[in-house]
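Please look through the structure shown here at your own pace, keeping its sequence at hand while you read. The paragraphs that follow go from strands to the ligand and then to a few single residues.

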Amino acid sequence: MRVLIVYGTSEGQTRKIAGAMATALTRLGHEAHGIDVADGTAASRLAGVGAVIVAASIHIGRYQRAVIRFVREHREPIAARPNLFVSVSLAAAGTDPTDRAGIAACAAKFGVETGWRPDEIVHVAGAFRFSRYGFFKRLLMRRIARRKRVAIDPHGDTELTDWAALRQATEAFAARAAAATRRAAGPGLPAAAPAAGATATGGAASGPEAA
Ligand SMILES: Cc1cc2nc3c(=O)[nH]c(=O)nc-3n(C[C@H](O)[C@H](O)[C@H](O)COP(=O)(O)O)c2cc1C
């Protein structure tokens, strides 16, 4: 099965998450590509894929504008295939009910803005990336880290992403998408074979590999 992972990112963590998902899918024998929505080629890659994952991160309660635009313009081909929305945030790292309600509301608003009702929404914890922040973001994020009592490296990056849980969610999605594809193909037809020469793109790094 060919899987397109379209993502938006502001500081790079969602790219890494998309890369880890592509790697997990490739290990299962699928062909997976992570494409940054900002590079403008995602729409042309929709044709011919068997499943779609959209990933975006929350900044002040909103996802990347380019992702909202992409999904709004292409919601029909996305919805016609097994699909998944991956919402990346810091609130997803904790269990605070107010924070959890906040990110659920962000995802619901995304649904209203795009007109897309994902088959499934997965909330994934992101990262503090002080290496990428300017002066004001640094102040804001230090304050949030203090308030949430997260130990951070004030000059480097602190990942809260649970790579093992992400891999499990990716594997569950692959199983669901493959079953849906088999059902759509009808009885008596062989299961879709894994793509030959499967490749992963998207920049998985040492963290997810080690998970
Ligand atoms: C300016 C700023 C605003 C943010 N706002 C939120 C927020 O409203 N809720 C939240 O849970 N996380 C928030 N975050 C955390 C990001 O979602 C998190 O750092 C994520 O890993 C960013 O992913 P990206 O590197 O792919 O953009 C914010 C981060 C920054 C830098």
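Strand β1, residues 2–7, runs parallel to β2, and six bridges join the two strands. One pair can serve as a landmark in this predicted model: L4 has H33 as its bridge partner in β2. Together with α1, these two strands make a right-handed β-α-β unit, in the order β1, α1, β2. Strand β2 itself covers residues 31–36 and is mostly covered, since six of its six residues count as buried. The side chains can be sorted by direction: E31, H33 and I35 point one way from β2, while A32, G34 and D36 point the other way, and all of them are buried.

A related arrangement is found further along the chain. Strand β3, residues 51–57, is parallel to β4 and is joined to it by six bridges, with A56 standing opposite S87 of β4. The connection passes through helix α2, residues 65–79, and β3, α2 and β4 make a right-handed β-α-β unit. On its other pairing, β4 runs parallel to strand β5, residues 121–125, with five bridges between them, and here V88 has V124 of β5 as its bridge partner. Helix α3, residues 97–114, belongs to this step, as β4, α3 and β5 again make a right-handed β-α-β unit.

How enclosed is β4, and how many of its residues are buried? Seven of its seven residues are buried, so β4 is largely enclosed by the rest of the structure. Both of its faces are covered, with N83, F85, S87 and S89 buried on one side and L84, V86 and V88 buried on the other.

These pieces can now be placed in the whole chain, which has six helices and seven strands. Read from the N terminus, the elements follow the order β-α-β-β-α-β-α-β-β-α-β-α-α. Of the 211 residues of the chain, 36% count as buried. Among the contacts with a separation of 6 or more, 81% are made by residues 24 or more positions apart.

The next topic is the ligand. It is surrounded by 22 residues, of which E11, T14, S57, S89 and G126 are the closest. Four elements each supply at least two residues of this shell, namely α1 (13–27), β4 (83–89), β6 (127–129) and α4 (135–147). The largest contribution is that of α4, which gives three residues. In its composition, the shell divides into nine nonpolar, ten polar and three charged residues. Where does the ligand lie with respect to domain 1 and domain 2? Domain 1 (2–126 + 161–210) and domain 2 (131–158) both give residues to the shell, so the ligand lies between them.

Two arginines and their surroundings are worth locating next. R62 is placed in the loop between β3 and α2, and it counts as partly exposed because it has 14 C-beta neighbours inside 10 Å, where a buried residue would need 20 or more and an exposed one would have 12 or fewer. R62 and C106 are 44 residues apart in sequence, yet their C-alpha atoms are 6.5 Å apart in space. R138, by contrast, lies in helix α4, and with 15 C-beta neighbours inside 10 Å it also counts as partly exposed. Leaving aside residues up to four places away in sequence, R138 touches F130 and Y133. The C-alpha atoms of R138 and P154, which are 16 residues apart along the chain, are separated by 8.2 Å.

Finally, two loop residues draw attention through their backbone angles. I60 lies in the loop between β3 and α2, the loop that also holds R62, and it has a positive phi of about 45° although it is not a glycine. Is I60 buried or exposed? With 6 C-beta neighbours inside 10 Å, I60 counts as exposed. R149 is found in the loop between α4 and β7 (157–159), and its phi, near 55°, is likewise a positive value in a residue other than glycine. R149 has 7 C-beta neighbours inside 10 Å and therefore counts as exposed.

Key: Residues numbered from 1 in each chain as written. Predicted model: local features only at pLDDT ≥ 70, side-chain atom pairs only at ≥ 80, totals over all residues. Contact = placed C-beta atoms within 7 Å. Near = placed C-beta within 6 Å. Nonpolar A, V, L, I, M, F, W, Y, C, P; charged D, E, K, R; others polar. Domains from an automatic or database assignment. Pairing = 2+ DSSP bridges. Right-handed = clockwise from strand over helix to strand, strands pointing away.
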